[in-house]
Amino acid sequence: MNSSFILGKLTFDALPFYSVIAASGAAVIVLGGLSVVALITWLEAWGTLWRNWLTTTDHKKIGIMYVVLALVMLLRGFVDALMMRAQQAIAMNDPGYLTPDHFQQIFSSHGTIMVFFMGMPFLFGLMNYVVPLQLGARDVAFPLLNAISFWLTAAGAALVMVSLVIGVFSTGGWTGYPPYTELSYSPTVGVDYWIMALLISGVGTTLSGINFVVTIYKLRAPGMKLMHMPLFCWTALCANLLVIFAVPGLTVAGGLLALDRYLGMHFFTNDGGGNVMNYANIFWIFGHPEVYILILPAFGIFSSVIPTFSQKRLFGYTVLVYATMCIAVLSFTVWLHHFFTMGADANVNAFFGVMTMIIAVPTGVKVYDWILTMFRGRLLFDTPMLWSLAFIVTFVIGGMTGVILAIPPLDYVFHNTLFLVAHFHNMLIPGMLFGLFAGYAYWFPKATGFRLDEKWGRRAFFFWVAGFYLAFMPLYVLGFLGMSRRMAYYDQPGWQIYLIVAAFGAFLVLCGIISQIVQLTVSIRDRACTTDFAGDPWNAPTLEWATSSPPPEYNFAVQPEVHSLDAFRAAKEAGCPYPWPERYEPIEMPRNSMTGIALGAVSFVLGFAVVWHIWWLAALGLLGVVGTVIARSFATDTTRIISAEDVAATETRWKTAVLAARGASA
Ligand code: HEM
Ligand SMILES: [Cu+2]
């Protein structure tokens, strides 16, 4: 491709007018973006948005922004999934409605979005909101860095979205394996978009990992030992340690691939002295821990939800903590099971097969602990609990299919078939997404002060679970019938019926997602009836419930003292859940800052310019990154004081509400 100085490789051809489908996708993104902008302008909300959200350094608001980003990306990733399911349902001896190239872009963006721009932001959103509250802390250790991490993640997500309108996305799958993703086989900008999106968001994620580990080690309430932490904090700690050690692997793999593509190096080209197996190893040393980064925090959520809605204590807390640590460590010992068939020695394969199966042991222990927590409990079937129950059953099925894949000779048969696709969706949807939904419903009243509508929540739940089974169980059969993954069309009549059932399942999931959108709307409409300012709607044991809903900016006026596990329950049992100090102290909080959003913006410009080889713009973008950091280093007035009177006023308003709520229930 020719490139000019001004626009690099960017030409009019980059716009998606070559295909109706691509053009409609682009139109949805552009019109969606424009209508959001129009709506904000119409509401005259730019000022509020800027002051209260875009420049915030409050971990709770950053958490909410992460969740919003994740939900938007869930919609995008799901539309991709629906398109693939529709294509495969009709593509029997028929080209269907998607070209093969377009189909490849769709599965690549689907996988990339679901893992990096839906799952990760969703769980970082929940961790952001909840972990400091559960620790009894005022904020995370580095609030500004937290904002920067969020905006870098958003910049990566924006690059993926922009690829829909300007240019193309990668066709190399979510793993981006060379040699296919080398310049000679993938000459378009698609792979470059993929690399830049992952590099930029990867930096954000790594910084976040450091931030959370430091927060958990350093900012626990006075008296709170590590073994007093709620399990969600433990899983967050382990997941973030994995982030620190694993995500740089992705950055290295992506960075080296970029050097191959941009500077003609040969890290991964076999005929140039490189080796593609280096990529497979580096990628999966990241990639396998990544699935535990996604799943461990969800385990933490289930460990909060199940005891609360069984009205019992969590069974086997200590065991669960050690099981979490075991899983975290073991997750680094199994990466080679992702390429059993790529020519390693039989003993090497056997070793990694056994290591893989060993992870089932601590995981199984956890499942027993959850079941024993429910045993003889008085179960309440609110939606967070429903998600947890569906998780336990479905996840066990997925785990068993994982053991099948961990046996190298069987993997020789099943790898690259839809059996594998069925397996990992069977782990990730109940194991991660249902956990995220459970957490969303569980902590929603904390974040907003009112509950989610239960009726629509149940409808969403039933559609999702039925949809999941119909969409993915047929894929196990298709795997047995030998259907490879990533096929745009096929000529085996026996397969089609299963693909039609799977498409119907995806349609049910769509109904589930629509129910969730309705649920949110209805809940906001009816919020007057479900308001819970007092803060403890589920009678829960942990500290995030010991403050108002939503919590004040400073979380706790008086830092709680902790002497045991389940600190808030202990305080309730001792009869003094809410401290009433004689007088309040002024509280110092970080000021807002535009550094985060500015760094996100210039990183986006840098990424976009590099994708299109617009070198002058890339230089400006880089200058912007360095300049923003330097500019920030001159800021001195970075904190502000909330006066003791303001704290007292806020606290009195809340305590009055607590007393009123108690009076109402007594
Ligand atoms: C909720 C409904 C979902 C549906 C209907 C769905 C459907 C699909 C389909 C049809 C494929 C392509 C299969 C093939 O290779 O032929 C796929 C691939 C994939 N999906 Fe999903 N998916 C869903 C949710 C998710 C979620 C929640 C995640 C992750 C968190 C996820 C991660 C992936 C990944 C990583 C791939 C592989 C992409 C690749 O081949 O590079 N999916 N999915
Ligand atoms: Cu793995």
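This is a short tour of one structure, stop by stop, with a suggestion of what to select at each. Keep in mind throughout that the model is predicted.

**Stop 1: the annotated domain**

Start by selecting residues 44-563, where UniProt, in an unreviewed entry, places the feature "domain: Cytochrome oxidase subunit I profile". Colour this stretch by secondary structure: 70% of it is helix and 0% is strand. Its end C-alpha atoms lie 48 Å apart. The residue at its start, Glu44, sits in the loop between α1 (20-42) and α2 (46-54). Is Glu44 buried or exposed? With a relative accessibility of 70%, Glu44 counts as exposed. For a sense of scale, draw a distance from the C-alpha of Glu44 to that of Arg662: the two are 618 residues apart along the chain and 39 Å apart in space.

**Stop 2: helix α4**

Next, select residues 100-135, which form helix α4. At 1.5 Å a residue, its 36 residues should span 52 Å, and the 50 Å between its end C-alpha atoms agrees with that. Where does α4 bend? Centre on Ile113, where the bend is about 40 degrees. Switch on a surface and you will find α4 mostly covered, with 33 of its 36 residues buried. Just past the end of the helix, Gly136 adopts a positive phi of about 70 degrees.

**Stop 3: the loop between α5 and α6**

Now move to Thr175, in the loop that links α5 (143-162) to α6 (190-218). Thr175 counts as buried because its relative accessibility is 8%, below the 20% limit. Leaving aside residues up to four places away in sequence, Thr175 touches Trp194, Tyr279, Phe283, Trp284 and Arg486. To link this stop with the previous one, show Ser108: its C-alpha is 8.4 Å from that of Thr175, although 67 residues separate them along the chain.

Stay with the loop between α5 and α6 and pick Pro179, which also lies there. The peptide bond from Pro178 to Pro179 is cis, with omega near 5 degrees. Follow the chain into α6, whose 29 residues reach 42 Å from first C-alpha to last, close to the 42 Å expected at 1.5 Å a residue. Of those 29 residues, 23 are buried.

**Stop 4: the copper ion**

Select ligand 2, the copper ion, together with His288, His337 and His338. Which atoms coordinate the ion? They are ND1 of His288, NE2 of His337 and NE2 of His338, at 1.6 to 2.0 Å. Along the chain these donors follow the spacing H-x48-H-H. Compare the two neighbours: His337 is buried at 15% relative accessible area, whereas His338 counts as partly exposed at 29%.

**Stop 5: the loop between α16 and α17**

Pro550 is in the loop between α16 (527-530) and α17 (567-573), and a cis peptide bond with omega about -15 degrees joins it to Ser549. Asn539 belongs to this loop as well, and its phi is positive, near 50 degrees. Asn555, another residue of the loop, has a positive phi of about 65 degrees. Asn539 is exposed at 57% relative accessibility, while Asn555 is buried at 1%.

**Stop 6: a pair of strands**

Finish with β1 (residues 587-590), which has Ile587 and Met589 on its covered face and Glu588 and Pro590 on its uncovered one. Four bridges join β1 to its antiparallel partner β2 (residues 639-642). Select Pro590 and you will see Thr639 of β2 standing opposite.

Notes: Residues are numbered from 1 along each chain as its sequence is written. Chains are lettered from A and ligands numbered from 1 in the order in which they are written. This is a predicted model: local features need pLDDT of at least 70, side-chain atom pairs count only at pLDDT 80 or more; totals for chains, interfaces and linings use all residues. Side-chain values use heavy atoms; hydrogens and water are left out. Helices (H or I, at least four residues) and strands (E, at least two) are DSSP runs, numbered from the N terminus. The expected span of a helix is 1.5 Å times one less than its number of residues. The bend at a residue is the angle between axes fitted to the seven residues ending there and the seven starting there. Buried means under 20% relative accessible area, exposed over 50%, partly exposed in between (1.4 Å probe, protein chains only). Two strands pair if DSSP finds at least two bridges between them. UniProt positions are given in the numbering used here, feature names are shortened, and annotations may be inferred rather than shown by experiment. Donors are N, O and S atoms within 2.8 Å of the metal (3.2 Å for Na, K and Ca); water is not among the atoms, so sites may look incomplete. Contact means heavy atoms within 4.5 Å.
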